Amino acid sequence: MALVTGTRFARWGTPPRPVGLSEAAEQFLADAVGSPPPRPPVPVGDGAVPDSRLTAAQQDALAGIVGADAVATGPAERLGHAAGCSLTDYLHLRQGDLDPRAVPDAVVRPASSEQVRDVLALAATAGFAVVPFGGGTSVVGGVTVPGDGARIALAFDRMADVLDVDEDSMTVTVQPGITGPVLERILQARGLTWGHLPQSWERATIGGYVATRSAGQSSTGYGRSDEMVEALRIVTPVGDLVLGRGPRTAAGPDLRQLFIGSEGAFGVITEVTMRVRHLPTVMRYEGVMFPSYEAGVAAFRDLAQYRATADVMRLSDVPESTATLAMSGPQGRIGDVFERYLSLRNVAGGCLAILGWEGYSRRLVSARRAAAWSVMRDHKPATLGASVGNSWRRHRYDGPYLRDVLLDRGFIVETLETAGHWSDLHRVRDAVAAALTATLRHDGRDPYVMSHISHVYETGASLYFTVIAPAAVDPVAQWAGAKAAAMAALTASGATITHHHAVGRDHAPWLAAEIGSTGVALLRGIKGLVDPDDVLNPGVLVPPEPA
């Protein structure tokens, strides 16, 4: 029997350089959360992938639209498009118990907007669903469709080109399947950059970023993906839309915003025009230590409100700072010197921050850095120098690979995120951390819960939580209970249910708590208008109507 999962689908991928746990990291984890037995992924044979529910006639009709070589029905191809990258997705794949009904019946690769339109028309008449699938990096069930009913995954490998670069207006028009690394290589050859660098950057697609309102690690300086969109072409089952004329408009509500963040439920994005910027020639990334979390939050708030932000701003709380320094900070004699320095500067046991400035001259970057430091100085920070900031830059995409290592070691590792106003931020953080700790406490041992601020605004900031705990006998149920408790804490505290991971299916039950029953009814009405047969990614974004 051929093996179609294991390391290929049950993990993020092969790192470009080795990613592992140092001796110090091993010891820290053992002290903080214990040493559970290893849990390597269980290979699954191709017999675990059910036969396609599409009829031969339907498969032939799809081949007639996109070409026979662009319709894949083999088990490995289909399983590779059956789930995203959430902890729950990975656990099912690693344990070999993914619901076989979640496996798409074919992977279809259109090459144009016209082919997408014809596929949607066929789906409506034949009665199968269409799930747009970019890089497959959703962590909220955005591409995982449980339940009965035939469906296809609409992949965009053949729609991954740059269509136009307007260097006067500083925009680029692309197809949805192009990835960040490919786009950046093309832009940087022209002295340009998009500047959108989320942790999923190595795999995610531009269409996926726009469909989920993605935010990148440099979004404080460059803006979120939804702020960068100038124009869209969308194909819906009832017709196409071309939206976006000029940098701003007063022609009624901005319909682009209806489809940005719609997660493939309202239409398929087939072209995106985005703002780009000149490629910076000078970068200064720096580690900073604050004496306390409260001091760091106050400093970040002041930087935002006095308009002195860096392009990258990341503030770890005490648990995350402790973990970072213990697992990857200096050791031995250098570590002793480092600790003495922190003590002399009165920031020992405080909070680690990363600040990054990018620009087109040393004078400009130095002036921005000086302005930021003049604002922060009242909060008693201590610089850790450029080496700490540059180390963070080098390892900024290691997180998903490190999660693979920790899952193999028998831990569960997952993230969740939110955003709130400055006046609520401490309360939100405490409430979510308490909910995760209470639900994941086991045998008298607490999980390790940490968080950081990674995007700041004049009125508030995002919070990004990471939790590590030994896996229970049923880790899927273990995390489901913790996630539900965390979401309840978020909604009770008045924070958003998601800052940049989107709604998907996992967050849909809590959407009404954020936008109200009238808001949910409005989304259902839009869905019914543009997708009357519920062909597009059914169950995502819009909560199911009560029976």
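What follows is a chat about the fold of a predicted model.

Q: What is the secondary structure of this protein?
A: The model is predicted, and its secondary structure comes to 19 helices and 18 strands.

Q: And how compact is it?
A: The radius of gyration is 24 Å, close to the 24 Å that the globule rule gives for 547 residues, so the protein is as compact as a globular protein of that length. Along its principal axes, the C-alpha trace spans about 75 × 60 × 45 Å.

Q: What share of the residues is buried?
A: Buried residues are 55% of the 547.

Q: What about the exposed surface, how much of it comes from carbon and sulfur?
A: The protein exposes about 22700 Å², and carbon and sulfur atoms supply 54% of that.

Q: Moving inside. How many residues are in the largest nonpolar core?
A: That core has 106 residues, and Phe300 and Ile453 have the most contacts inside it. Helix 18 (residues 475-493) gives the largest share, eight residues.

Q: Is there a second one, or what else is there? Which residues does the second core include?
A: A separate core of 24 residues includes Val116, Ala123, Leu154 and Val235.

Q: Back to phenylalanine 300. What is it in contact with, leaving aside neighbours within four places in sequence?
A: Among its contacts are Phe290, Met313, Leu355, Trp422 and Ile453. Arg314 is also one of them.

Q: Next, strand 16. Why call it largely enclosed?
A: Ten of the eleven residues of strand 16 (residues 411-421) are buried, so the rest of the structure largely encloses it.

Q: How is strand 16 joined to strand 18?
A: By eleven bridges, with strand 16 and strand 18 (residues 460-470) running antiparallel. For one pair to look at, isoleucine 412 has alanine 469 in strand 18 as its bridge partner.

Q: And helix 16, which of its residues are buried?
A: Pro400, Tyr401, Arg403, Asp404, Val405, Leu406 and Leu407. That is seven of the ten residues in helix 16 (residues 399-408), so this helix too is largely enclosed by the rest of the structure.

Q: What do those buried residues pack against?
A: The buried residues of helix 16 pack against helix 1 (23-33), helix 4 (87-95), strand 16 and strand 18.

Q: What follows helix 16?
A: Glycine 410, with a positive phi near 100°.

Q: Different topic: the four-strand sheet. What is the strand order?
A: The order is 1-2-4-3, in an open sheet with mixed pairing. Strand 1 (71-72) and strand 3 (129-133) each have a single partner strand, so one side of each has no neighbour in the sheet.

Q: How do strand 3 and strand 4 run?
A: Parallel, joined by five bridges, with strand 4 covering residues 151-155. Phenylalanine 133 stands opposite alanine 155 in strand 4.

Q: Which helix packs on that sheet?
A: Helix 5 (residues 113-126) does, touching strand 2 (106-108), strand 3 and strand 4. Its direction makes about 175° with that of strand 4.

Q: And the five-strand sheet, what order there?
A: 5-6-10-8-9, open, with antiparallel pairing. Its edges are strand 5 (162-166) and strand 9 (239-243).

Q: How many bridges join strand 8 to strand 10?
A: Six, between residues 229-236 and residues 268-275. Arginine 233 stands opposite glutamate 271 in strand 10.

Q: Which strands of this sheet does helix 5 touch?
A: Helix 5 packs on this sheet by touching strand 8, strand 9 and strand 10, and its direction makes about 40° with that of strand 8.

Definitions and conventions: Residues are numbered from 1 along each chain as its sequence is written. This is a predicted model: local features need pLDDT of at least 70, side-chain atom pairs count only at pLDDT 80 or more; totals for chains, interfaces and linings use all residues. Side-chain values use heavy atoms; hydrogens and water are left out. Buried means under 20% relative accessible area, exposed over 50%, partly exposed in between (1.4 Å probe, protein chains only). Helices (H or I, at least four residues) and strands (E, at least two) are DSSP runs, numbered from the N terminus. Two strands pair if DSSP finds at least two bridges between them. A nonpolar core is a set of buried Ala, Val, Leu, Ile, Met, Phe, Trp, Tyr and Cys residues joined through side-chain atoms within 4.5 Å. Contact means heavy atoms within 4.5 Å. The radius of gyration is taken over C-alpha atoms; the globule rule is 2.2 Å times the number of residues to the power 0.38. Accessible areas come from the Shrake-Rupley method with a 1.4 Å probe; for residues, only the protein chains shown count as cover. Axes are lines fitted to C-alpha atoms, for helices over the stretch in contact, and angles run from 0 to 180 degrees between N-to-C directions.
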